[in-house]
Structure formats: C-alpha cells, structure tokens
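Reader: I would like a close look at a single part of this model, the loops. Please keep it brisk, and connect what you find there to the surroundings.

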Amino acid sequence: MNLRHLFLTCQAQTSPSPFCVEISRAEGVYMYGPDGKRYIDLIAGVSVSNAGHCHPDVVKAVNEQVSKYMHLMVYGEFIQSPQALYAGKLVSLLPESLNNVYFVNSGSEANEGAMKLAKRYTGRQEIIGFRNSYHGGTHGVLSLTSDEHYRNAFRPLLPDVRLSDFNDFDGLSLISERTACVMVEPMQGEAGAITPAEGFLQSLRERCSRTGALLIFDEAQTGFGRLGKLFAFEKYGVVPDILTAAKSMGGGMPLGAFISSKKIMDSLKTGPALGHITTFGGHPVSCAAGLAALNVILSENLISSVENKAALFRKLLQDADIEEIRGDGLLIAVELGSPERLTKFIRLAYENGIATDWFLFSNSSFRIAPPLIISSSQIEEACEILKKVLIMTGR
Ligand code: PMP
C-alpha cells in the first residue's frame, strides 16, 4: 500500500506543500521513519508532547482506561474517574479563583467556551483580542485572528470584536465597561515567540478588573511547564479570570479545558442550561493520559529543568549564523531573516534528522519547542546539527 499516495490523494491537506515525512513510531524526543531514520523532535507536535512521546506511564494509563471503558456520556449523567481525578489534580495546583474545570476536545473549543462563558457571566458582547495571536481555527476564534489573509476568506465572523497590539499599553484603553472579555496568549506563540513587555500583563489585568471585563489567558501552548512554570500566568505574576488549556493537557491525546471559578462557571448552568456541551469533551482515555502525563511532568521535575535547558540551547546557538533568538522557556524562535532561507533551512534540517517548524505568523524564524524531557546531550546533538544546517543555508 502506497501511504504517500493515499496521504496526498485521499486525505485532505490544507497545506499546498505538505512535507510528507512518514513516521512509523515515536519515543521520548525521537521520531522514527519506516526506514529507521531518526528525527530529534524540536516541535513536540506544537507543544503537545511535553512528557515525551509514548512515555511508559502514559501508555499504561491509556491501556488501562481503554480496557475499562471509553466513551460514556458527558452531560453530567455519569461520574467518570479519569475526569474527576484530573479536574481535582489541576484544581489542587491552581489558585483558588481557578477551581472549576470544564473539559473539551481542543484549544479552539476551549477558547470558544471561554468566550461564551464571559458573555454569559458579564451579559456583555464585546470581545477584545491582540494582533498576531492565534487562538484556533473555528469561526469564533478566527474573529480574533488579525491576519487579514486568514480571516477575510471566511467572513462574516463574530461582530463586536476589537483588536489591539500586544505590548501596546495605550491600546488597553480599548477595554471598557462594554467589554465581556479580553483574550490573550500571555506569550504569543504563533507570532514567533513574542514575550510580554515588562508590566504589560499587569496593566492588562488592572484594566480588566477596573472595567469588569474577564481576562482570558490562552495557555494552549504555554501550559504544562513549557515556560518553566506549570502555567505561564505564574511566571508573569498575573492570574486570569479564565484559563484555557489544551495541547499538552492530554499527554498526546486530544483534550482541552476552560478553567475558571465555580461562581463564573455556574453561569453556563442556567438561561440556557447546558450552556456548553460537547460529546467527546474530557474523553476518559484522554483524561487518563493527561493526568498520567501531568504526573510525569511533576514527578520527573521537568518544569524546574526548563530554564537550564533553554539556556543551553541559547548558549550553543549564540555564535551561529542567525539574526536573533526570541521566546521564553522551551518555546523559542530562531530568526533567520528571510522566508527563503527558512524554507531551505527547514527542509535541510529534516534531511539531517531534525524536526522543526514554521510559526504561523512569522515566516522567517524556526521553532525550538522540544519535549521537556530532552537531555543536555540531546540538546548538544540537536544544536550541532542545527549549526551545520545553518552553515549550509548561509545568508
Ligand atoms: N491557542 C493557541 C495559543 C494555539 O497555539 C493553538 C494551536 N496552535 C490553539 C489555541 C488551537 O488549538 P487546537 O488546534 O487544539 O484547536
């Protein structure tokens, strides 16, 4: 059976130039092709595989749950231990004001749910987002995507959406008593790893508190240890009213959540009841996998290792032929200066055994966001290869 043929003809692709690298298994920080070719994974499925690929604890949790039950029903009928235990674990690690977890399937759905929750709770309509942020592919969150090229083709989108610039303090005056919520990535991922300016998130928090707008942190990419704290909000010292999580939350299985206080969350219970529902949200196998992965992240002290690993990447790449290194923790963008060089670089990186990727809204930098389990020697090996490929693609 020619998989490549099926992939290109029967399986819909939305990329005009899919890479077509076949992977037959993955373990730890490595992915392997059918011929045994090994790739060091510097993408982690876009910040998903924080505990590494196929960690034995996660595989065991999945197998055990699969043999008990898979889908049952999620509208409150049945107590399912993986969901309850995972919600309890998360709440035990979060501040008191984030004590209620609603499980969904993905980052997009988590953000859709968060926006609906904010509208219900505040009774307001306006939503404010930031240019160059990415919150998902569904219509609601697409309305917050500033890239005209992406969203123009899909109008009409949500009305009453306004955009400001990330790190623009003056732009915060857009937030008013009309605003239901402000959605922000505490550190912008797909914009090319853009960190918040000193005091920006604090000012945003103050403005939201003053106007009664709910502050939503989209931590789909920054969550579960990637920036050296369980969530980025801890690192930046600002607690949102609603936290959204996804990607690494399922330990490699599909899972997301919006998390808030019980008081805010209860507004989805009435007028109408079942204010958000989702057939597969919080799938028991995903929750079992996610809880196991979180336990790995905690018990293997992966979070506290992030800063040293990030520093090692930066040190080893500092004298390479690059323009700039951006980002925070293990969400790093390496700026190459031109899209042409980047395209050449990524192709050659794969040929040389490194999986890296573009950012959606930055066409001249590549991504370093490996599983958090990556070791010092694996970082050294990866950087050797990256430097070799950088020389090959010279400016
Ligand atoms: N928010 C952020 C910050 C993301 O990076 C992404 C995905 N790249 C999403 C939301 C969307 O998540 P999903 O693809 O699971 O819907």
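**A close look at the loops**

Author: Start with C54, which sits in the loop joining α2 (44-47) to α3 (56-68). A caution before going further: the model is predicted. C54 has a phi near 50°, a positive value in a residue that is not glycine. Most residues other than glycine have a negative phi. The residue is also exposed, because its relative accessibility is 52% and the cut-off for exposed is over 50%.

F224 makes a good counterpart. Its loop runs between β8 (214-218) and α9 (232-236). Its phi, near 60°, is again positive in a residue other than glycine. But F224 is buried, because its relative accessible area is 1% and buried means under 20%.

Next come the cis peptide bonds. Most peptide bonds are trans. The bond from R155 to P156 is cis, with omega near 0°. P156 belongs to the loop between α7 (148-151) and β6 (161-164). The bond from G271 to P272 is cis too, also with omega near 0°. P272 lies in the loop between α10 and α11.

Stay in that loop. L274 is found there as well, between α10 (262-265) and α11 (284-299). L274 is exposed, because its relative accessible area is 53%, and over 50% counts as exposed. It helps to form a nonpolar surface patch of about 530 Å². The other members of the patch are L72, M73, Y75, F78 and I277.

Y75 leads on to a pocket. Together with V74, G76, V101 and Y102, Y75 lies nearest the centre of the second largest pocket. That pocket has a volume of about 710 Å³. Its lining has 26 residues. The elements giving two or more residues to this lining are α4, β4 and α10. β4 gives the most, with four residues.

Two of those elements frame one more loop. S97 sits between α4 (81-93) and β4 (100-104). S97 is partly exposed, because its relative accessibility is 36%, which falls between the 20% and 50% cut-offs. Beyond its neighbours within four places in sequence, S97 is in contact with V239, S260 and S261. R120 is another matter: S97 and R120 are 23 residues apart in sequence, and their C-alpha atoms are 18 Å apart.

To recap the loop residues by exposure: C54 is exposed, L274 is exposed, S97 is partly exposed, and F224 is buried.

Technical notes:
Residues are numbered from 1 along each chain as its sequence is written. This is a predicted model: local features need pLDDT of at least 70, side-chain atom pairs count only at pLDDT 80 or more; totals for chains, interfaces and linings use all residues. Side-chain values use heavy atoms; hydrogens and water are left out. Buried means under 20% relative accessible area, exposed over 50%, partly exposed in between (1.4 Å probe, protein chains only). Contact means heavy atoms within 4.5 Å. Patches are made of residues with over 30% relative accessible area and no salt bridge: like charges are joined within 9 Å, nonpolar side chains (Val, Leu, Ile, Met, Phe, Trp, Tyr) within 5 Å. Accessible areas come from the Shrake-Rupley method with a 1.4 Å probe; for residues, only the protein chains shown count as cover. A salt bridge is a side-chain nitrogen of Lys or Arg within 4 Å of a carboxyl oxygen of Asp or Glu. On a 1 Å grid over the protein atoms alone, a cavity is a set of points where a 1.4 Å probe fits but cannot get out, and a pocket is an open set with protein on both sides within 12 Å along at least five of seven lines; lining residues have an atom within 4 Å of a point. Grid points are joined across faces, edges and corners, and a volume is the space filled by probe spheres set on the points.
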